[in-house]
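Good morning, and thank you for joining this group meeting. Please take a moment to look at the sequence and the structure before we go through them together.

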Amino acid sequence: MDIKLVARQYVKMAIQNMLLPLVYNAGRHRQIEKGLVVFADAHHDSVPPSMEPLVRELKRRGSKKIVEIYDDYQNISFVRLFFRMIHFMNAYARAEYVVICDNFLPVASCKKRAETTVIQLWHGCGAFKKFGYDTKGDIPSFYKGNVFRNYDIVTVSAPGCAPHFQSAMRLPKEVFLPLGVCRTDKYLKKSYQRACRERFLRVHPDARGKKIVLWAPTFRGYPQDPKLEQYEDLLKTQEQLPDDMMLIMKVHPHLARKYPYDNSTLTTDELLPVTDLLITDYSSIIFEYSIYKKPMLFYAPDMEAYGVERGFYLDYQTLPGKIVTRQEELAGEVRRVLADSKAAACETEAFYEAYMSACDGNVTKRLADRMEAGKEVAKEESYGNQ
């Protein structure tokens with residue numbers, strides 16, 4: 001691992017373990033500010049897609065005071081990082097709710113007040129490859145304490161995902177609620193699907209009348225130093241496809257700066273509604289895509305090695321689509337699946353019911369209602385009677 005990165009991690013850990021608790025405790029004498037909701041993220045300099053629906057809904061209702069604290073901690077100066085953390089801790093000490101959607105270490109820096117509810121929306125659906133404490137590399141070995149400490153609610157996309165999140169985060173099982181994932185609401189809106197199709201044809205007018213194949217792989221290695229595999233294989237496959245098929249390439253966000261290979265300016269979210277076939281390897285995009293009940297293929301030449309190194313929560317052999325391990329076979333499988341896409345999509349529908357059933361288009365409303373009901377009322381509710 002890069003020496004500078006390690007040094008930066010140690011500095012952040014020192015700030016987290018010593019300075020931030022002092023700042024938080026200095027604000028504990030003040031009363032909790034009822035209605036104050038703090039949205040915070042350390043990976044984006046504006047509202048992350050996983051938070052945006054809930055931010056918008058709470059602002060629309062007007063019943064909460066919203067404070068937003070976003071920054072990409074990997075790309076700001078140490079001085080700015082220092083003051084942004086202080087700013088967050090001051091708000092944290094008096095907030096009724098704190099909402100995050102990824103690892104956010106300041107939340108875990110001290111024992112929080114019981115009156116403050118921390119909601120972790122997370123940034124992905126389902127539970128595919130192992131993460132958190134279930135795999136090496138996600139959390140530095142020198143980090144002391146639980147990076148997921150203080151979470152009161154972690155929203156997951158279906159009941160079957162909760163045990164995997166509990167294992168990865170090492171938190172009590174009652175924390176993990178199958179309320180769904182807010183950012184999936186838009187996928188089920190006909191207006192969103194129509195707008196995506198219209199936008200796609202404006203950006204790619206030569207795609208009219210063609211089948212759209214989306215390649216969306218995950219990264220190899222660590223988030224701090226990600227690597228892309230199989231790109232050359234997909235270029236060969238692109239040349240082997242017939243003229244009535246178009247291959248769109250979208251790499252994982254961790255890879256985008258290092259490997260600028262995307263051949264569409266549209267986001268992955270915008271591409272999913274227009275995609276006829278998804279090709280991926282180990283990406284959790286399979287959960288979002290399953291909403292559309294369309295077929296998938298898994299191109300995974302390194303399946304055995306990746307499974308040993310990273311590990312899966314799901315049995316890779318039972319995923320909703322054929323696994324291809326040789327480039328010479330990929331184009332043929334693409335043609336075969338698209339020739340009988342309805343049959344292939346049946347597997348995807350069953351997969352959706354198992355791992356995405358709470359993502360019904362009403363997730364944001366459900367969570368906002370719960371926040372307005374208050375902590376004690378919400379504790380008495382269960383997902384089944386909402």
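Threonine 184 is buried, with a relative accessible area of 0%. I should say at once that this is a predicted model. The place of threonine 184 is in the loop that runs between strand 7, residues 176–177, and helix 5, residues 190–203. A polar atom of its side chain lies 2.6 Å from the backbone oxygen of valine 181. Which residues does threonine 184 contact, leaving aside its neighbours within four places in sequence? They are Cys125, Ile291, Met356, Cys359 and Val363.

Strand 7 brings me to the sheet it belongs to. Here 7 strands form an open sheet in the order 2-3-1-4-5-6-7, and the pairing is mixed. Strand 2 and strand 7 stand at the edges with a single partner strand each, so one side of each has no neighbour in the sheet. Helix 12, residues 363–373, packs on this sheet and touches strand 1, strand 4, strand 5, strand 6 and strand 7. The direction of helix 12 makes about 160 degrees with that of strand 4. 

Let us look at the pairing in detail. As a general point, the strands of a sheet pair through backbone hydrogen bonds, in either a parallel or an antiparallel manner. Strand 1, residues 33–41, runs parallel to strand 3, residues 65–72, and 6 bridges join the two. Within this pair, valine 37 stands opposite isoleucine 66 of strand 3, and alanine 40 has isoleucine 69 as its bridge partner in strand 3. Strand 1 also pairs with strand 4, residues 95–100, in the parallel sense over 4 bridges. There, phenylalanine 39 stands opposite valine 99. Is strand 1 mostly covered or mostly uncovered? Strand 1 is mostly covered, as 7 of its 9 residues are buried.

Strand 2, residues 43–44, is joined to strand 3 by 2 bridges, and these two strands run antiparallel. Histidine 44 stands opposite aspartate 71 in strand 3.

I now turn to the other sheet on my list. In this open sheet, 5 strands follow the order 11-8-12-13-14, with parallel pairing. Its edges are strand 11, residues 245–249, and strand 14, residues 321–324; each has a single partner strand, so one side of each is left without a neighbour in the sheet. On average, neighbouring strands of this sheet are turned by 20 degrees against each other, direction ignored. Strand 13, residues 296–299, runs parallel to strand 14, and 4 bridges join them. Phenylalanine 298 has isoleucine 323 in strand 14 as its bridge partner.

Two helices should be described together with these strands. Helix 6, residues 231–240, lies across strand 8, strand 11 and strand 13, and runs at about 165 degrees to strand 11. Helix 10, residues 327–339, lies across strand 8, strand 11, strand 12, strand 13 and strand 14. Its direction is at about 175 degrees to strand 13.

Next, the cysteines. How many disulfides are there? The count comes to 0 disulfides, where a disulfide would require a pair of cysteine sulfur atoms within 2.5 Å. Why does cysteine 101 form no bond to the closest cysteine sulfur? That sulfur belongs to cysteine 182 and is 10 Å from the sulfur of cysteine 101, which is too far for a bond. Cysteine 101 counts as buried, at 2% relative accessibility. For cysteine 182, the closest cysteine sulfur is in cysteine 359, at 9.2 Å, which is also too far for a bond. Cysteine 182 counts as buried as well, at 3% relative accessibility. We have already met Cys359, among the contacts of threonine 184.

Finally, I would like to mention a residue of helix 3. Arginine 80 is found in this helix, which spans residues 78–92. Is arginine 80 buried or partly exposed? Arginine 80 is partly exposed, with a relative accessible area of 40%. Its C-alpha atom is separated by 33 Å from that of lysine 130, and the two residues are 50 residues apart along the chain.

Thank you for your attention.

Terms used. Residues are numbered from 1 along each chain as its sequence is written. This is a predicted model: local features need pLDDT of at least 70, side-chain atom pairs count only at pLDDT 80 or more; totals for chains, interfaces and linings use all residues. Side-chain values use heavy atoms; hydrogens and water are left out. Buried means under 20% relative accessible area, exposed over 50%, partly exposed in between (1.4 Å probe, protein chains only). A polar contact is a pair of N or O atoms within 3.5 Å; within protein, one must be able to donate a hydrogen and the other to accept it, and residues adjacent in sequence count only if both atoms are side-chain atoms. Contact means heavy atoms within 4.5 Å. Two strands pair if DSSP finds at least two bridges between them. Axes are lines fitted to C-alpha atoms, for helices over the stretch in contact, and angles run from 0 to 180 degrees between N-to-C directions.
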